[in-house]
Structures are given as C-alpha cells and as structure tokens.
Amino acid sequence: MDRQFVEKQKKRILRRLTRYKRKIQEDPDSLYAQHKEKRIITNLEIAFKQIQKGEYGLCIDCGDEIDIKRLEQVPGAIRCLECQENEEKNATRTRS
Ligand SMILES: [Zn+2]
C-alpha cells in the first residue's frame, strides 16, 4: 500500500472521527442516527488501528486487499465489497 495514500487516508479518518463524535454529542436524542454513527465510528477506529499496524486496506474478514477506489470513497472501509454485502445481509436477518 502506497505510504502517501495511507497518510492521506489517516487524516481523512481522523477528520471523520471528530465529525461523527461531535454529531453524536449534538444530537443525543436521535437513537437511529446514533446507532448508525456509532457503527461508522467503530469502523473508522478499526481502520485507524489497521494503519498503525500497517494493515490498512486489508479486509478484516477474508484478508483480501480492498479496492483502492472503495477506500477513496469510504476511508473507513474495513471489508471488501463481497464481505461487506454478506455482513449487511446478516445484519438485516438478525433485525427481522
Ligand atoms: Zn473480504
């Protein structure tokens, strides 16, 4: 993984973490938003730890490299598309 790219992603992740944490504080009554935002924060924190370990861009489920375009769009992406879809399917199933 390109070091400059990772450095850039690190800054984006930190900015997002600050923004989402602030949002939760500003809107503590919206449970739905909180749930969604906490999930995003969790992912961003995992991605940040991956950067520190030098494992940024690897899917936490299958270990494959995550598409760079996906990382550009979602700096806190911790799963490849395939695993992300599986994860979302499971989440829907548990909810219903
Ligand atoms: Zn995967």
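These legends accompany several close-up views of a predicted model.

**View 1. The whole chain is built from four helices and zero strands.** Start here to get your bearings before moving in. Read from one end of the sequence to the other, the pattern is α-α-α-α. Taken along the principal axes, the C-alpha atoms fill a box of roughly 40 × 30 × 20 Å. Of the 96 residues in the chain, 33% count as buried. Some of the buried residues appear in the views below.

**View 2. Four cysteines hold the zinc ion.** The protein donors are the SG atoms of C59, C62, C80 and C83, lying 2.3 Å from the zinc ion. Along the chain, these donors follow the spacing C-x2-C-x17-C-x2-C. The arrangement is tetrahedral because the four donor atoms subtend angles of 104 to 118 degrees around the zinc ion. For reference, the ideal angle for four tetrahedral donors is 109.5 degrees.

**View 3. A closer look at two of the zinc donors, C59 and C62.** How accessible is C59, buried or exposed? With a relative accessibility of 5%, C59 counts as buried, since the cut-off for buried is under 20%. C62, in contrast, has a relative accessible area of 40% and is partly exposed. That value falls in the range between buried and exposed, as exposed requires over 50%.

**View 4. The largest pocket has a volume of about 580 Å³.** Its lining is made up of 20 residues, and R39, I40, N43, Q84 and E88 are the ones that lie nearest the centre of the pocket. Helix 1 (3-26), helix 2 (31-53) and helix 4 (81-95) are the elements that give two or more residues to this lining. Which helix gives the most? Helix 2 does, with seven residues. As for chemical character, the lining divides into nine nonpolar, five polar and six charged residues.

**View 5. Helix 1 carries two buried residues shown here, Q9 and R12.** Q9 has a relative accessibility of 0%, so Q9 counts as buried. In sequence, Q9 and A47 are 38 residues apart, while their C-alpha atoms are 9.4 Å apart in space. R12 comes out at 16% relative accessibility, and therefore R12 also counts as buried, given that the cut-off is under 20%. The partner to look for in this view is L44: R12 and L44 are 32 residues apart along the sequence, with a C-alpha to C-alpha distance of 9.7 Å.

**View 6. Q34 sits in helix 2, with a side chain that reaches a backbone oxygen.** A polar atom of the Q34 side chain lies 3.4 Å from the backbone oxygen of D27. Is Q34 buried or exposed? At 10% relative accessibility, Q34 counts as buried.

**View 7. Q50 is another residue of helix 2.** Its relative accessibility is 6%, so Q50 counts as buried. Follow the chain onward to I60, which is ten residues from Q50 in sequence. From C-alpha to C-alpha, Q50 and I60 are 9.4 Å apart in space. Helix 2 also gives the most to the lining of the largest pocket, so this view pairs well with View 4.

How values were computed:
Residues numbered from 1 in each chain as written. Predicted model: local features only at pLDDT ≥ 70, side-chain atom pairs only at ≥ 80, totals over all residues. Heavy atoms only, no water. 1 Å grid on protein atoms, 1.4 Å probe; cavity = no way out; pocket = protein on both sides within 12 Å on 5 of 7 lines; lining within 4 Å. Points joined across faces, edges and corners; volume = space filled by probe spheres on them. Nonpolar A, V, L, I, M, F, W, Y, C, P; charged D, E, K, R; others polar. Donors = N, O, S within 2.8 Å, 3.2 Å for Na, K, Ca; no water. Tetrahedral: all angles 85-135°; square planar, octahedral: opposite > 155°, others 65-115°. Buried < 20%, exposed > 50% of the residue type's maximum accessible area, 1.4 Å probe, protein only. Polar contact = N/O pair within 3.5 Å; in protein donor to acceptor, adjacent residues only side chain to side chain.
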